Amino acid sequence: MLSVMGYFLLGSAIIALGVTWQVSRIENEWWALIKYNLMISPFLFFANNLLSMGFGKGHEVMPNMAAVVAFQTVIYYSFLVLFAYLLMGDKISLTKAVTGVALMAAGIWVLKS
């Protein structure tokens, strides 16, 4: 299970950082976005491979794919909240963020049972 966590943490962090960096630093025009996506594609390829390995190993540990994907989604959204706060200065209510993550965690529990 530790390897699954590692795959999900690193893969989700890379993708969330890429998305947040794009929104905060890259102009919203076709050419700038094409250049950025070409530059970041090796990192996204690496991150998607990590997530694929995590999904495969996660399904071996817990044979419920919906719960495994929901678990990874909680990690991804947690990184999005963190990076949006740190890189973009978004005003995020800690109470609402914790409530949202708790609701997703409750959903995972429902899917597991």
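In this predicted model, the buried residues of helix α3 are Ala-67, Val-68, Ala-70, Gln-72, Val-74, Ile-75, Tyr-76, Phe-79, Leu-80, Phe-83 and Ala-84. These buried residues of α3 pack against three other helices, namely α1 (2–25), α2 (30–61) and α4 (94–112). As general background, an α-helix has 3.6 residues a turn, so residues three or four places apart point the same way. Helix α3 comprises 24 residues (residues 65–88), which at 1.5 Å a residue should span 34 Å, and the C-alpha atoms at its ends are 33 Å apart, in agreement with that expectation. The helix is followed by Gly-89, the phi of which is positive, near 70 degrees.

The structure holds 4 aromatic pairs. One of them is formed by Phe-8 and Phe-55, whose ring centres are 5.2 Å apart and whose planes meet at 55 degrees, so that the pair counts as tilted, planes over 60 degrees apart being required for edge-to-face. Because Phe-8 belongs to helix α1 and Phe-55 to helix α2, this pair ties together parts that are 47 residues apart in sequence. Phe-8 is buried, with a relative accessible area of 0%, and together with Phe-55 and Phe-71 it forms one aromatic cluster.

A further aromatic pair, that of Tyr-76 and Tyr-77, is edge-to-face, with 5.6 Å from centre to centre and 65 degrees between the planes. Tyr-76 is among the buried residues of α3, whereas Tyr-77, at 41% relative accessibility, counts as partly exposed. Elsewhere, Arg-25 lies over the face of Trp-21, at 4.6 Å from the ring centre.

Note on methods. Residues are numbered from 1 along each chain as its sequence is written. This is a predicted model: local features need pLDDT of at least 70, side-chain atom pairs count only at pLDDT 80 or more; totals for chains, interfaces and linings use all residues. Side-chain values use heavy atoms; hydrogens and water are left out. Helices (H or I, at least four residues) and strands (E, at least two) are DSSP runs, numbered from the N terminus. The expected span of a helix is 1.5 Å times one less than its number of residues. Buried means under 20% relative accessible area, exposed over 50%, partly exposed in between (1.4 Å probe, protein chains only). Contact means heavy atoms within 4.5 Å. Rings of Phe, Tyr and Trp (its six-membered ring) pair if their centres lie within 6.5 Å; planes under 30 degrees apart count as stacked, over 60 as edge-to-face and the rest as tilted. A charge sits over a ring if NZ of Lys or CZ of Arg is within 6 Å of the ring centre and within 35 degrees of the ring normal.
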